[in-house]
Amino acid sequence: MNNIASFSIFNSLLKRPIFRLLSTKLYTRTHEWVDNDKIDKIAIIGITDYASSKIGDIIYVDITDEGTVIPEGKEISSVESVKLVSDIVSPIDCEVMEKNKVVIDNPEILSNDPEGEGWLIRAKITNTIDKSKFMSKDEYSIFIQKENTY
């Protein structure tokens, strides 16, 4: 690898929040993801690339207000596309600390980068996460391949 490429990779790592370096992204059977920081008990929640592709071109996003306590399985967002309206549920018990206002103002970001800039909420984890309910990235990839064969 040349010096320019090495610098570019290093530089991009420096721009990533430390949160991303200390976190573990988990996936659900209902196509949400949760990226949790074990140190501060903070999570970022969104929908998967697969879910976004199935929803279609997203034209409107509504997200629960900051300060709202959300039990696992309850709605955190409503996403509207040209095809349908989908309710997005929280995979964990949490309290909304921040909603992604950029996605509200620019819903196409959720279509284009749902597992990056298209996150929905940043939340305080209010209960222990039962990791047995979740899948790793590799397990999720296998899951959606099987789901597509039925």
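Which residue in E6 is the bridge partner of Asp62? The legends below take up this pairing first and then turn to other parts of the model, which is a predicted one.

**Figure 1. Overview of the predicted protein chain, with its helices and strands.** The model shown in this and the following views is predicted, and its protein chain contains 6 helices and 9 strands. Of the 150 residues in the chain, 41% are buried, while the accessible surface amounts to about 8,700 Å², with 53% of that area belonging to carbon and sulfur atoms. Among the contacts with a separation of 6 or more, 56% are made by residues that stand 24 or more positions apart. Across the whole structure, a search finds 6 salt bridges, and some of these are taken up in later views.

**Figure 2. The open sheet with the strand order E4-E6-E7.** This sheet consists of 3 strands with antiparallel pairing, and its edges are formed by strand E4 (58–63) and strand E7 (85–89), each of which pairs on one side only. On average, and with direction ignored, neighbouring strands of the sheet are turned by 20° against each other. Strand E6, which covers residues 75–81, pairs with E4 in the antiparallel sense over 5 bridges. The opening question finds its reply here, in that Ser78 of E6 is the bridge partner of Asp62.

**Figure 3. A nonpolar surface patch that includes Tyr60 of strand E4.** Ile59, Tyr60 and Val82 together make a nonpolar patch of about 320 Å² on the surface. Tyr60 lies in strand E4, and this residue counts as partly exposed because its relative accessibility is 44%, a value that falls between the limits of 20% for buried and 50% for exposed. As a general point, side chains in a regular strand alternate between the two faces of the sheet.

**Figure 4. The surroundings of Ile45 in strand E3.** Ile45 is found in strand E3, which spans residues 42–47, and with a relative accessibility of 0% this residue counts as buried. Once neighbours within four places in sequence are left aside, the contacts of Ile45 include Trp33, Val34 and Ile76, as well as Ser90, Pro91, Ile92 and Cys94. Trp119, Leu120 and Ile121 are also among the residues in contact with Ile45. Although Ile45 and Ser90 are 45 residues apart in sequence, their C-alpha atoms are 7.5 Å apart in space.

**Figure 5. Strand E9 and its pairing with strands E3 and E8.** Strand E9 (residues 121–125) pairs with E3 in the antiparallel sense over 4 bridges, and within this pairing the bridge partner of Ile44 is Arg122 in E9. Strand E8 (residues 94–99) also pairs with E9 in the antiparallel sense, here over 5 bridges, and Glu98 stands opposite Arg122 in E9. The side chains of Glu98 and Arg122 meet in a salt bridge, with a distance of 3.0 Å from N to O. Glu98 lies in strand E8 and Arg122 in strand E9, so this pair ties together parts that are 24 residues apart in sequence. Both members are partly exposed, Glu98 with a relative accessible area of 32% and Arg122 with a relative accessibility of 25%.

**Figure 6. The salt bridge between Lys99 and Asp65.** The side chains of these two residues, Lys99 and Asp65, meet in a salt bridge at 2.8 Å from N to O. Because Lys99 lies in strand E8 and Asp65 in the loop between E4 and strand E5 (69–70), the pair ties together parts that are 34 residues apart in sequence. Lys99 is buried, with a relative accessible area of 14%, whereas Asp65 counts as partly exposed at 47% relative accessibility.

**Figure 7. A network of salt bridges that links Lys25, Glu115 and Lys137.** These residues, Lys25, Glu115 and Lys137, are joined in a network of salt bridges, and within it Lys137 forms a salt bridge with Glu115 in which the closest N and O atoms are 3.6 Å apart. Lys137 lies in helix H6 (residues 137–149) and Glu115 in the loop between helix H5 (108–112) and E9, so the pair ties together parts that are 22 residues apart in sequence. At 40% relative accessibility Lys137 counts as partly exposed, while Glu115, at 13%, counts as buried.

How values were computed:
Residues numbered from 1 in each chain as written. Predicted model: local features only at pLDDT ≥ 70, side-chain atom pairs only at ≥ 80, totals over all residues. Heavy atoms only, no water. Pairing = 2+ DSSP bridges. Helix = DSSP H or I, 4+ residues; strand = E, 2+ residues; numbered from the N terminus. Axes fitted to C-alpha atoms, helices over the stretch in contact; angles between N-to-C directions. Buried < 20%, exposed > 50% of the residue type's maximum accessible area, 1.4 Å probe, protein only. Contact = heavy atoms within 4.5 Å. Patch = residues over 30% accessible without salt bridge, like charges linked within 9 Å, V, L, I, M, F, W, Y side chains within 5 Å. Areas by Shrake-Rupley, 256 points an atom, 1.4 Å probe, with all protein chains shown as cover. Salt bridge = Lys/Arg side-chain N within 4 Å of Asp/Glu carboxyl O.
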